[in-house]
Amino acid sequence: MTHHRLSLLAAWLAVAAWAALIFTLSAQSTLPDLTHGLPDLQDIAGHLTAYAGLASWLALALRRTPGVRRPWLWAFVLAVLYGLSDEFHQSFVPNRHPDLFDVATDMVGAALALWFWRRRLRAGAAQPNVMTHPAE
């Protein structure tokens with residue numbers, strides 16, 4: 001197997017692992033209270049973090065997948081669709097319920113992560129490469 005194929009496989013395995021983590025957490029009837037009485041803060045931070053991570057892994061995998069145009073857009077769309085499916089999944093979990101605010105928070109987390117990575121890549125591309133443009 002070539003290095004490119006191994007890299008692509010690893011990227012998609014990371015997406016699957018992150019999605020499985022989200023699914024596993026969503027399947028819990030209750031989650032531990034890490035914010036000591038501020039459950040809304042924990043819920044919002046959890047959704048932002050989970051979907052920022054998912055969108056980041058998706059963008060990496062999609063950028064490495066041949067023939068994919070607009071990987072950033074597709075990463076966002078797929079993260080949002082997964083968020084919608086996750087809320088549907090929660091409708092079957094005792095003590096959990098679907099919530100459109102959670103989907104909105106997922107969208108914000110995904111959008112922020114993708115904005116950050118695109119900005120960082122563009123900034124890196126704008127830097128002159130010392131090896132190809134030595135100082136005179």
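Aromatic pairs and the nonpolar core

User: How many aromatic pairs does the structure hold?
Analyst: This is a predicted model, in which local features need pLDDT of at least 70, side-chain atom pairs count only at pLDDT 80 or more, and totals for chains, interfaces and linings use all residues. Residues are numbered from 1 along each chain as its sequence is written, and side-chain values use heavy atoms, with hydrogens and water left out. Rings of Phe, Tyr and Trp (its six-membered ring) pair if their centres lie within 6.5 Å. The number of aromatic pairs in the structure is two.

User: Are the rings of Phe 116 and Trp 117 stacked, tilted or edge-to-face?
Analyst: Planes under 30 degrees apart count as stacked, over 60 as edge-to-face and the rest as tilted. The ring centres of Phe 116 and Trp 117 are 5.0 Å apart and their planes lie at 75 degrees, so the pair is edge-to-face.

User: Is Trp 117 buried, partly exposed or exposed?
Analyst: Buried means under 20% relative accessible area, exposed over 50%, and partly exposed in between (1.4 Å probe, protein chains only). The relative accessible area of Trp 117 is 36%, so Trp 117 is partly exposed.

User: Which helix gives the most to the largest nonpolar core?
Analyst: A nonpolar core is a set of buried Ala, Val, Leu, Ile, Met, Phe, Trp, Tyr and Cys residues joined through side-chain atoms within 4.5 Å. The largest one has 17 residues. Helices (DSSP runs of H or I, at least four residues, numbered from the N terminus) α1 (3-26), α2 (39-64), α3 (71-90) and α4 (100-126) each supply at least two residues of this core. With eight residues, the helix that gives the most is α2.
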